[in-house]
Amino acid sequence: MGPAATSSPFRVVHTVCSHDCPDSCGVLVTVNEGGRAVKVEGDPAHPVTNGFLCGKVAKYLDRVYSPDRVLYPLRRKVGVAKGPLAKGREHESFERIPWDEALEAIAERLKQVADQYGPESILPYSYAGNMGLLGYGSMDRRFFHRMGASQLDRTICAEAGGQAWNHVYGKKLGTPTEDVKLAKLIIAWGANIHGNNIHLWPMVEQARRNGARLIVIDPYRTRTAALADWHIAIRPGTDVALALGLMHVILRDGIDDRSYIDAMTVGFDRLAERVREYTPERVAHWTGMTAAEVEQLAREYATTLPSFIRTNYGVQRGENGGAATRAICMLPAITGAWKHRGGGAQLSTSGAFKWDKQTIERPDLALKSPLKRLARVVNMSTLGQALTELGQNGDATNSPAVHALFVYNSNPGAVAPNHNAVVRGLARPDLFTVVHEQFLTDTTDYADYILPATTFLEHIDAQGAYGHYFAQYSHQAIEPLGEARSNVWLFSQLAQRMGFEDACFRDTAEEMIAQALAPDESGHSTNPGMENITLAELQQKGHVPLAFHRDPENHPFKPFTEGAVLTPSGKIEFYSEALGSMGLDPLPGFIPPTESRWSEAAKQYPLELLGRKNDNYMNSTFANLPGHRKMESRTSQRLEIHPVDAEPRGIADGDRVRVSNGRGSLLLSALINEKLPAGVVAARLDWAKLHPDAVNVNALTSERLTDIGAAPTFYSTLVEVVRDTQPAPKG
Ligand SMILES: Nc1nc2c(c(=O)[nH]1)N[C@H]1C(S)=C(S)[C@@H](COP(=O)(O)OP(=O)(O)OC[C@H]3O[C@@H](n4cnc5c(=O)[nH]c(N)nc54)[C@H](O)[C@@H]3O)O[C@H]1N2
Ligand SMILES: Nc1nc2c(c(=O)[nH]1)N[C@H]1C(S)=C(S)[C@@H](COP(=O)(O)OP(=O)(O)OC[C@H]3O[C@@H](n4cnc5c(=O)[nH]c(N)nc54)[C@H](O)[C@@H]3O)O[C@H]1N2
Ligand code: SF4
Ligand SMILES: [Mo]
């Protein structure tokens, strides 16, 4: 549905929620005569959105029209030091300037930094605050390639699991979301479906009405776990052992699918040999389950078909997260669950969207940069090190220090691990920082320039998804508020100010979406799997299924059931030569995290911390809005702790506690929770500046990286907790 006029004074415009969520909902925005959005609702025609929105986006107009929106370019006042600012008083440190002046000054300074230190001393920092095809990465990528700025390795979320999955299956494909209603057994494995992926829930409910059971494997009793038939509160970081233990029982009892294994996989014999050591008793020792429970889970999983595993990114946020995802995702290949419609697994569906990224991002422009090559790569998950150690005295890498940081689509001052190192870096007076944002966040408090960004109601985009198989078009529903501008506009303008003359810097949003579809003469996309899609149809209908998902009733899509698999061997790889050649274990094997109850460090910091997401925020997004905060009031700034851990520490419910480790400390108030496994504590990700001591849970997390994918290890964090007897801080 386009922005076409009707006889009613209201228009209904199809947009797409661009927040970092698997569901990528179609959102219908009702706009009144005055051009103001008055209603948002889920598109009833979208088979996964199903006419409803999650709690946080149902209240989206509170965000769009919030009095706290950044609406004009701002410049730090001369002499004001960088550091956390009290909410509501940020404007005292900044002055409003016209866009022209901001763009000129930023371009000038970037040129100067590039001349003096080399272009690689400029670091873009962005993630999926905007998941749109263009909003996530398009004109910005062109701009930074052309300049020769450092490339950012975008690892903060999904790289451990994503790469692990690809080492097994070659491509991120999974069971179609709508088919989950046909499953007879559903396992949510490190996946908070009800909180983070709500549009899968109706499928789960429908399956259960038809007799399916829901099993949740999660150390924390999430909303999903509380609603399950069986909640297995596994100890963090022990999933590899459990998955291999399930295989042990399945192979021992001969309830695997040998014909599927023979036809579709390689390395089975070596895997079978490996799993022999993972007896139910040993697995019980690591996971905290009983051996009988391991046996029961294995038999139930292998003998109930179709069985579906929703694994999300929870298990891969630990040190052995790559091995865990590999082991878990191999299970449906052992039982042949892929053969049954509704069976299989889903980590992500993103591999199905083959937009023409080369044209959108233009890495070839790097050849025109002063470097004449692609620039060095900096890992976003070690931002603290990048800002405080890289290129500094004593760094042997001979790599330039970061002298300019350009942040958009992300709030590293809240979300990046090792918060204290990150803000030490951000506070460097010699670091030139630009932040393009909708709100005054933990990161803008360190900016030299703050530029106002649009929301998904205010610009044009297209979008794929990581939780379904529909491409979508997001029309512009309303005019940008104030002087807010889209990412595409910003980097197009900056490119002109830098003197980049390449025509691609003048492409409009529509032109870029057309380029991403790479149409043939008839207008149909030539991208594999998108051949049925034309720009006109996408604009008109709002959502279009990918080619293989056009007629699910007659031609259901069953991944990994026929043909070649996109791994080096062309088969599903239980044993990965590729991993072996990288010096990694070619088979999944359980190594306890160095920050876990099994490690040396646990003597000093014995509790395993889960620094969790919130059901009513999106990572750090929404945390500043009063209505959203209210919905999180029960767990906000609390430390959840089991009575057996609280009692010996003299901690009672509501007591102020100090949570600390060698990296930092945080004041929270205790919330006794007997549903946690003993030895595990939990706290929530929040804006640092909203805490009395201006830090958040990431003051405790480390820059250690995962076994596969060089991703962060948020969920492998050891801490100690003491009752705090100091006078209450002001805040
Ligand atoms: N409401 C809401 N929705 C969101 C987000 C949000 O912040 N809020 N974030 C979005 C983003 S960026 C992403 S990546 C997705 C992520 O979606 P999920 O992958 O579901 O994200 P998490 O909440 O990180 O992890 C899921 C669960 O894994 C559990 N877990 C932690 N450690 C372990 C472990 O060692 N083993 C097992 N089995 N489980 C473990 C956690 O307790 C958590 O409940 O959700 C997206 N959707
Ligand atoms: N402790 C702990 N830390 C975590 C996690 C955790 O579970 N626990 N989760 C991790 C995960 S999975 C992820 S994905 C990361 C997410 O980290 P981020 O990518 O930083 O995600 P958000 O916190 O949602 O912040 C996105 C920001 O982008 C802004 N934004 C939105 N749209 C636009 C736009 O169009 N243009 C511009 N310029 N800005 C825009 C929003 O206002 C918001 O401030 O956090 C990670 N950090
Ligand atoms: S955050 Fe997720 S569930 Fe909520 S509207 Fe956006 S895509 Fe849908
Ligand atoms: Mo994420």
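The following questions and answers examine the ligand sites, domains and salt bridges of a predicted model.

Local features in this predicted model need pLDDT of at least 70, side-chain atom pairs count only at pLDDT 80 or more, and totals for chains, interfaces and linings use all residues. Residues are numbered from 1 along each chain as its sequence is written, chains are lettered from A and ligands numbered from 1 in the order in which they are written, and side-chain values use heavy atoms, with hydrogens and water left out.

Q: What makes a residue part of the surroundings of ligand 2, and which residues come nearest?
A: A residue is near a molecule or strand if one of its heavy atoms lies within 4 Å of it. There are 32 residues around ligand 2, and N411, E437, N487, S620 and T621 come nearest.

Q: Why is the pairing of N130 with ligand 2 called a polar contact?
A: A polar contact is a pair of N or O atoms within 3.5 Å; within protein, one must be able to donate a hydrogen and the other to accept it, and residues adjacent in sequence count only if both atoms are side-chain atoms. A polar side-chain atom of N130 lies 2.9 Å from an oxygen atom of ligand 2, so the pair falls within the 3.5 Å limit. Backbone atoms take part as well: a polar backbone atom of V415 is 2.9 Å from a nitrogen atom of ligand 2, and for G611 the distance from a polar backbone atom to a nitrogen atom of ligand 2 is 2.8 Å. Taken alone, ligand 2 exposes 920 Å², of which the protein buries 98%; such areas come from the Shrake-Rupley method with a 1.4 Å probe, and for residues only the protein chains shown count as cover.

Q: How do you know that ligand 2 lies between two domains?
A: Domain bounds come from an automatic or database domain assignment, which divides the protein into domain 1 (74-157 + 358-456 + 481-500), domain 2 (160-347 + 563-581) and domain 3 (600-723). Domain 1 and domain 3 both give residues to the shell around ligand 2, so ligand 2 lies between them. The centres of domain 1 and domain 2, taken over C-alpha atoms, are separated by 39 Å.

Q: How is the shell around ligand 2 divided by residue class?
A: Ala, Val, Leu, Ile, Met, Phe, Trp, Tyr, Cys and Pro count as nonpolar, Asp, Glu, Lys and Arg as charged, and the others, Gly among them, as polar. On that basis the shell around ligand 2 has 12 nonpolar, 15 polar and five charged residues.

Q: Which parts of the protein supply the shell around ligand 1?
A: Domain 2 and domain 3 each give at least three residues to the shell around ligand 1. The elements α7 (193-196) and β22 (607-612) each supply at least two; helices (H or I, at least four residues) and strands (E, at least two) are DSSP runs, numbered from the N terminus. Of the 34 residues around ligand 1, D218, D239, Y313, R612 and Y617 come nearest, and the shell comprises 16 nonpolar, 10 polar and eight charged residues.

Q: What makes R612 a polar contact of ligand 1?
A: An N or O atom in the side chain of R612 is 2.5 Å from an oxygen atom of ligand 1. An oxygen atom of ligand 1 also lies 2.6 Å from a backbone N or O atom of Y313, and another such pairing places a polar side-chain atom of N196 at 3.0 Å from an oxygen atom of ligand 1. Taken alone, ligand 1 exposes 900 Å², and the protein buries 99% of that.

Q: Why is the pair R704 and E319 called a salt bridge?
A: A salt bridge is a side-chain nitrogen of Lys or Arg within 4 Å of a carboxyl oxygen of Asp or Glu. The closest N and O atoms of R704 and E319 are 3.5 Å apart, and the pair therefore qualifies. R704 lies in the loop between β26 (680-684) and β27 (717-723) and E319 in the loop between β12 (307-311) and α15 (321-335), so the pair ties together parts that are 385 residues apart in sequence.

Q: Why is E319 called buried and R704 partly exposed?
A: Buried means under 20% relative accessible area, exposed over 50%, and partly exposed in between (1.4 Å probe, protein chains only). E319 has 11% relative accessibility and so counts as buried, whereas R704, at 35%, counts as partly exposed.

Q: What makes E600 and K603 exposed?
A: E600 has 59% relative accessibility and K603 has 67%, so each counts as exposed. E600 and K603 form a salt bridge, with the closest N and O atoms 2.9 Å apart.
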